[in-house]
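Dear colleague,

I am handing over the structure below for your attention. A summary of what was found in it follows.

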Amino acid sequence: MHYHTIIIGGGPGGLACAATLARNGGNVLLLEKNPSIGSKVCAGGVSWSGLARNIPEQLIEKHFPEQYIHSAWQKIRLTSSHPIISTINREKLGQWMANEASMAGADIQTNIRVHTITDHEIVTDSGNFSYDFLVGADGSNSLVRRYLNVGTESIGIGFQYHIPGNYPKMIWHLDQKLFNTGYAWIFPHKERASVGAYSYRKDLTPSILRENLHHWMEKCGINRKDAKPEAATINFDYRGYDFGNRFLVGDAAGLASGLTGEGIYPAVLSGDTVAHRILNPDFDDSTLSGLIKKQKSHSRLLRLTGSNKIICKIVLESLVAALRMRLVNFNLLEMG
Ligand SMILES: Cc1cc2nc3c(=O)[nH]c(=O)nc-3n(C[C@H](O)[C@H](O)[C@H](O)COP(=O)(O)OP(=O)(O)OC[C@H]3O[C@@H](n4cnc5c(N)ncnc54)[C@H](O)[C@@H]3O)c2cc1C
């Protein structure tokens, strides 16, 4: 069967791309390997400057106009007149985005894993599909990226637990000794919180990151008994998104922030931009270019701080002090 555009992957990047193409009359097929759309290892934090203000209120679990940032030496509270970060449930976001894309006319098929790609065709267990344009929205271990021979070296890793209970505060814990350039978090949802830690994989091995997360949770009095650990990688090795009639979006393109691991908004923005580029090669991609500039500056800061423990500690403590004195805005850490 032939489609003008085939999108591999039904995360926020692929779904945003499918919706924009379909709304503009594109003939688009999206294939997702999971039986249903939406589930993903993720803390579900979305920034106001990125996605939070652009999605329906019913998708929001909790809004946080206050952010608590703890480091080894400081504890600060940032406030704003609007939510700085809000939390969303990834399943609900995925279902809503899938519904928007299908209503616009996109053909979304689940339970279909793409296992081979050729110049004009993709091969799945349910048959072959040919394309004019191919979009790799297949996450941080992207098959399309490998097919395009785009290497991946800069990878982050995140661990989390869903801890039942009502957690009132959104907390970021920066501690070089435990998480190096990364951090641990408490991101509260309606009846639970995502409690986890993120780090650059070159700085900390996954097993040390997990051990340190456990140690930190114990220190905070957070009981993880009965909670299931979840882990996944985050690709922040951006090397381009436009490869002729093939494109990469979101984690497949390495567009997440290496510093914070934020990747939902970069996925949505790149998915939408790629759809517009397919429809009109002269489309102005300056909003995405702005995000890429920020993403690269996060990677540079990560390389600078990760190279040396003392520099890392000084930079982290200076950052927290600068946030406290409002010399820098929290927006510096956001991708929006
Ligand atoms: C622990 C953790 C916490 C995080 N917390 C946050 C957060 O709070 N805020 C934030 O913004 N980001 C967060 N992220 C990052 C965020 O989850 C990702 O950046 C985001 O999901 C990227 O979206 P995407 O559409 O590019 O890819 P994904 O959401 O990974 O979607 C890719 C899809 O492609 C499908 N797929 C893959 N291969 C194939 C194939 N061969 N055939 C068919 N389908 C395929 C997958 O099943 C998947 O559904 C977190 C990540 C982790 C690991």
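**A three-stranded sheet**

In this predicted model, one open sheet consists of 3 strands in the order 3-7-4, and their pairing is antiparallel. Strand 3 (45-47) and strand 4 (60-64) lie at the edges with a single partner strand each, so one side of each has no neighbour in the sheet. On average, neighbouring strands of this sheet are turned by 30° against each other, direction ignored.

The pairing of strand 3 with strand 7 (residues 85-88) is antiparallel and rests on 3 bridges. Within strand 7, Thr87 is the residue that stands opposite Gly45.

**The protein as a whole**

The protein contains 9 helices and 18 strands. Its radius of gyration is 20 Å, close to the 20 Å that the globule rule gives for 336 residues, so the protein is as compact as a globular protein of that length. The C-alpha trace spans about 60 × 40 × 40 Å along its principal axes.

Of the 336 residues, 47% count as buried. Among contacts in the protein with a separation of 6 or more, 70% are between residues 24 or more positions apart.

**The nonpolar core**

In soluble globular proteins, nonpolar side chains tend to be buried together. The largest nonpolar core here has 93 residues, and the members that touch the most others are Cys17, Ala18 and Val249. Helix 7 (residues 264-279) gives the most to this core, contributing 8 residues.

Which residues is Ala18 in contact with, leaving aside its neighbours within four places in sequence? They are Ile7, Val28, Leu30, Ala101, Ala106 and Ile108.

**Helix 7**

Helix 7 has 16 residues, and the distance from its first C-alpha to its last is 23 Å, close to the 22 Å expected at 1.5 Å a residue. Of these 16 residues, 12 are buried, so helix 7 is largely enclosed by the rest of the structure.

The buried residues begin with an unbroken run in the sequence of helix 7: Ile264, Tyr265, Pro266, Ala267, Val268, Leu269, Ser270 and Gly271. Thr273, Val274, Ala275 and Ile278 complete the buried set of helix 7.

For a first look at the model, I would suggest starting with helix 7, which gives the most to the largest nonpolar core, and then turning to Ala18, one of the residues that touch the most other members of that core.

With kind regards

Key
Residues numbered from 1 in each chain as written. Predicted model: local features only at pLDDT ≥ 70, side-chain atom pairs only at ≥ 80, totals over all residues. Core = buried A, V, L, I, M, F, W, Y, C linked by C-beta atoms within 7 Å. Buried ≥ 20, exposed ≤ 12 C-beta atoms within 10 Å, placed from the backbone. Helix = DSSP H or I, 4+ residues; strand = E, 2+ residues; numbered from the N terminus. Contact = placed C-beta atoms within 7 Å. Rg over C-alpha atoms; globule rule 2.2 N^0.38 Å. Pairing = 2+ DSSP bridges. Axes fitted to C-alpha atoms, helices over the stretch in contact; angles between N-to-C directions. Expected span 1.5 Å × (residues − 1).
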